[in-house]
There are 2 protein chains.
Amino acid sequence: MKFYGYFRSSAAYRCRIALNLKGLTPELAFVHLRKGEQRSANFLALNPQGFVPALEIGGEVLTQSLAIIEYLEETHPSPPLLPSDLLDRAHVRALALSIACDIHPLQNLRVLNHLREEFGQDQAGIDRWARRWIESGLSAYEATLIASGRSGAFSFGDAPTLADICLIPQVFGAQRFGADISGLKTIARITTHAEAHPAFYAAHPSRQPDTEV
Amino acid sequence: MKFYGYFRSSAAYRCRIALNLKGLTPELAFVHLRKGEQRSANFLALNPQGFVPALEIGGEVLTQSLAIIEYLEETHPSPPLLPSDLLDRAHVRALALSIACDIHPLQNLRVLNHLREEFGQDQAGIDRWARRWIESGLSAYEATLIASGRSGAFSFGDAPTLADICLIPQVFGAQRFGADISGLKTIARITTHAEAHPAFYAAHPSRQPDTEV
């Protein structure tokens with residue numbers, strides 16, 4: 001098993017947390033996104049989308065962080081990253097997707113580059129754009145947690161799930177762009193618990209072999 | 001079971017296809033996105049994200065199209081929307097997510113409104129933006145299909161899966177924004193098959209009770 005990542009990629013960060021939670025230690029490969037290595041012919045042959053993460057396994061290359069994590073869940077069921085009750089599973093998946101589909105794609109590198117190059121936005125305009133989606137998206141996440149009545153130390157109960165695997169990298173993204181999420185008390189509580197959890201701690205972008213300041 | 005949708009929503013269109021494939025006929029409710037009904041207090045109480053689709057079932061409200069469809073798959077396994085082999089499942093999920101995460105979120109209504117209001121883009125600028133992500137995203141989808149060697153009448157083999165459930169609404173979106181996908185022959189072949197399939201045919205935005213010209 002070989003994992004292709006980049007320290008600052010939110011989607012790679014999700015997979016690192018999941019691999020750690022499952023106790024898996026793949027060989028690591030690094031794709032430097034700022035240097036454009038994801039657009040090299042070699043990497044595009046692995047993943048035509050030109051994104052990290054990618055997971056090479058059994059002669060196949062798996063892509064898309066949530067597809068990779070669902071695969072890890074199906075092949076290594078313990079500890080579970082999804083609840084067993086089917087309605088609860090849908091709830092946890094919806095929380096994860098609310099970040100993976102409705103917040104994160106709007107702030108990834110290629111999109112921000114486009115805003116800069118095509119729409120003439122400066123850093124302040126880009127930060128405002130990113131904050132707009134992060135603040136509204138995480139506020140809705142918080143409201144969903146409160147309405148559910150099912151959060152504990154983590155988004156669903158007291159053990160980490162797929163929802164937290166998406167949430168914590170997004171909170172890191174919120175900090176990078178200066179988003180104000182100080183009013184989101186449930187997310188703040190979960191973040192505190194996650195920071196103390198070894199699987200989340202070791203996956204942090206500041207603690208990877210390819211970390212740059 | 002009560003399904004909240006809007007005829008032109010790509011995410012609701014996905015769920016309509018899945019419900020049809022599973023032979024399920026929920027009660028229907030319509031949320032008029034252009035009139036802003038998704039931001040009404042009543043609807044936000046159902047879904048704090050303010051998005052369609054939503055599926056009310058067993059006293060719960062499920063949100064996020066892919067979470068809803070995974071729930072339908074788990075509760076109504078036949079016909080399957082995911083292959084049984086675990087690597088194949090990851091492949092199909094990755095295809096679906098490449099659309100749901102990396103194309104569709106960039107062209108939804110709130111994002112286009114933001115480009116218009118905050119960045120002063122006219123319709124031509126907005127169409128160019130949408131085409132940029134649709135054309136590159138669907139080209140990568142096509143390349144992934146070809147590299148996989150596993151497509152047939154549909155994206156994976158000869159029966160529809162979660163991948164096609166995301167693909168066909170995105171092809172509809174490509175047409176709306178005038179994206180040029182004429183070179184993508186595998187996607188064109190799949191689209192022809194899907195158009196002839198009753199579950200896809202009945203789910204088309206032009207054939208819903210709330211359809212407007």
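Reader: OK, two strands pair if DSSP finds at least two bridges between them. So what stands opposite Glu56(B) in β3(B)?

Author: Lys2(B) does. Keep in mind that this is a predicted model, where local features need pLDDT of at least 70, side-chain atom pairs count only at pLDDT 80 or more, and totals for chains, interfaces and linings use all residues. Residues are numbered from 1 along each chain as its sequence is written, while chains are lettered from A and ligands numbered from 1 in the order in which they are written.

Reader: How many bridges join β1 to β3 in chain B?

Author: Three, between β1 (residues 2-5) and β3 (residues 54-57), and the two strands run antiparallel. Strands are DSSP runs of E, at least two residues, and helices are runs of H or I, at least four, numbered from the N terminus.

Reader: And which strand do four bridges join to β3(B)?

Author: That's β4 of chain B, residues 60-63, again antiparallel. Ala54(B) stands opposite Thr63(B) there. β3(B) and β4(B) form a hairpin with two residues between them, and Gly58(B) in the turn has a positive phi of about 55°.

Reader: Switching topic: how many residues does each chain put into the contact?

Author: Chain A gives 35 and chain B gives 36, counting residues whose C-beta atoms, placed from the backbone, lie within 7 Å.

Reader: Which element gives the most on the chain A side?

Author: α4(A), with nine residues. Others that give two or more include β4 (60-63), α3 (65-75) and α6 (123-148) of chain A.

Reader: How are the two chains related, then?

Author: A turn of 180° with a shift of 0.0 Å along the axis lays chain A on chain B with an RMSD of 0.0 Å, superposed by least squares on C-alpha atoms of residues with pLDDT of at least 70 in both. That is the relation of a two-fold axis. The same surface serves both copies, as 100% of the contact residues of chain A recur in chain B.

Reader: Which residue of chain A comes closest to the rotation axis?

Author: Cys101(A), with its C-alpha at 2.3 Å.

Reader: Back to α4(A). At what angle does it cross α7(A)?

Author: Roughly 25°, with the axes (lines fitted to C-alpha atoms over the stretch in contact, angles from 0 to 180 degrees between N-to-C directions) coming within 7 Å. That makes α4(A) roughly parallel to α7(A), the term for angles under 35 degrees.

Reader: Which residues make that contact?

Author: Among them are Val92(A), Leu95(A) and Ile99(A) of α4(A), and Leu162(A), Cys166(A) and Gln170(A) of α7(A).

Note on methods:
Contact = placed C-beta atoms within 7 Å. Parallel < 35°, antiparallel > 145°, perpendicular 65-115°, else oblique.
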